Amino acid sequence: MKFNIQNTFTKELPADPIQENTRRQVTEACFSYVTPKKTSNPKMIHVSDEMAKSLGLSETAIASEEFKNIFTGNHVYKNTQPYAMCYGGHQFGHWAGQLGDGRAINLFETVYDNKKWALQLKGAGETPYSRTADGLAVLRSSIREYLCSEAMYHLGVPTTRVLSLAFSGDEVLRDVLYDGNAAYEKGAIVCRTSESFLRFGSYQIFPARGDVKTLKTLVDYTIKHHYSHLGEPSKETYVSFFKEVAERSLEMVIHWQRVGFVHGVMNTDNMSILGLTIDYGPYGWLEGYDHGWTPNTTDNTHKRYRYGSQPEMVLWNLYQLANALYPLIEEAEPLEAVLENYQEQFPEKYMQMMREKLGLFSSQELDGTLVSNLEEVLQKIETDMTIFFRLLSSISKDDSIEEAIKKIEKAFYTPSEVVDEIKKSWENWFQSYIDRLQNETVSDEDRKEKMNAINPKYVLRNYMAQLAIDDANKNDFVLLNELYLLLKNPYNEQPKYEKWFAKRPEWARNKVGCSMLSCSS
Ligand code: AMP
Ligand code: MG
């Protein structure tokens, strides 16, 4: 197996001088060298063939013992030295100090086809940043990260990716509900890939300690390697850098809203500096359309990271990043201008995205009302977001209101409740929608095609991942592979997988792992 190793992170950034694997505060350094833990009985479960191809790995390579040993942390690839990154972060609105890669270990950076990839194991053992935890990951959360990363990629959402999923062969103790009932679960290791795993928190940690020198080194490094089109580092470049991070983050969250993805833990340590979706923990997908929904039981009281708040939470996180970058710029106005720009841009971009979801290709004054009325009526009765928007593409300009409602009826969880005032609201909305469609020049057929290219037919519903997890726990990976294949083409009709174009079954409504997920992983 051959990688074109090009480690710039460890070469150009300051390392922690201590190489012992003890938990500690690490200062004036961006990372600590650490060796992954040897596992007792490693076994590959799945490899993303697409990601393997992007790294130039052949089928023989991914089936090899060497591949298994490298990507479960049992063998260190020649001339490389694994490391954990140092970062801090705001968790649920509060500064948490040093966090860092507590259970992620970066193996190396490789270049293939002119693209740089950092390869990182999640769940490969303790690091200096493990704090009170074990550095390990369980099968369920690893499957969730594995499937969702690739699903998001194929949905066209900026995201980190994955190469492989393996059993470690070790048992891991977890208290899923935090109720004192800890139990052993199967340990697993995912190899994640990304151009970079730098997060907002990677920058925040330095000014929080008054270390502007390392902050500058890291920002200059980031611009040189990931934002090189912005030019040489200077105060102006730092502002342009922040501006582009804000733009990318906005674009990312608009995609989340488009596909109904709820991240669940949008802490600043989980915000990628490249505007990628990162750290798949207690995330979930909207089934019933509901701005107030979060899958994360740890956030149940305040629902800080609920679906409807995600764009605002990105902004909040950008404020923290602005504060972190301030010592390099020493002027608040240009940073504030970027944040104001986000606030101006968000409603426009959101509207544009919603117009596309509705198949409206011109812009008209009353579109805002049409969209807000839809958001309201969608929340009056439990309506499946994915199914609703997908079926909406089959509406014709010539449909009667009754015909139109009939076409989307499958999206209602209890169609029998669509009566009286609720029925009236739906009728009113469809009346205005069909009226609005008359002003479009595209044919019904063309509109359908365009709408189906942005309204997915298949997403990784929470219960689907859970079914794959239940089987995998019994060493049956057929469903895992089926979902992996299904989600490669989320916008296509796939008749043999039609059963996955369905509402969440009732048994999954309040089941742990389906609608209730904790941070325990
Ligand atoms: P997360 O909520 O997954 O973003 O994690 C927040 C912080 O906790 C990060 O610094 C993680 O590295 C750390 N962390 C989470 N789980 C573990 C674990 N099992 N062992 C060590 N550190 C962990
Ligand atoms: Mg994290």
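This is a short chat about reading cysteines and a ligand site in a predicted model.

Trainee: What should I know before I start?

Mentor: Residues are numbered from 1 along each chain as its sequence is written, and chains are lettered from A and ligands numbered from 1 in the order in which they are written. The model is predicted, so local features need pLDDT of at least 70 and side-chain atom pairs count only at pLDDT 80 or more, while totals for chains, interfaces and linings use all residues; side-chain values use heavy atoms, with hydrogens and water left out.

Trainee: How many disulfides does the structure hold?

Mentor: A disulfide is a covalent bond between the sulfur atoms of two cysteines. The cut-off here is a pair of cysteine sulfur atoms within 2.5 Å, and the structure holds 0. For C30, the nearest cysteine sulfur belongs to C86, 7.5 Å away.

Trainee: And why is C148 not bonded to C514?

Mentor: Because their sulfurs are 14 Å apart, too far for a bond, even though C514 has the closest cysteine sulfur to C148.

Trainee: Is C148 buried or exposed?

Mentor: Buried means under 20% relative accessible area (1.4 Å probe, protein chains only). C148 is buried at 0%, and C30 counts as buried at 3%.

Trainee: Which side chains make polar contacts with ligand 1?

Mentor: Look for pairs of N or O atoms within 3.5 Å. Polar side-chain atoms of D134 and R174 lie 3.1 Å and 3.3 Å from a nitrogen atom of ligand 1, and one of N270 lies 2.9 Å from an oxygen atom.

Methods:
Buried < 20%, exposed > 50% of the residue type's maximum accessible area, 1.4 Å probe, protein only. Polar contact = N/O pair within 3.5 Å; in protein donor to acceptor, adjacent residues only side chain to side chain.
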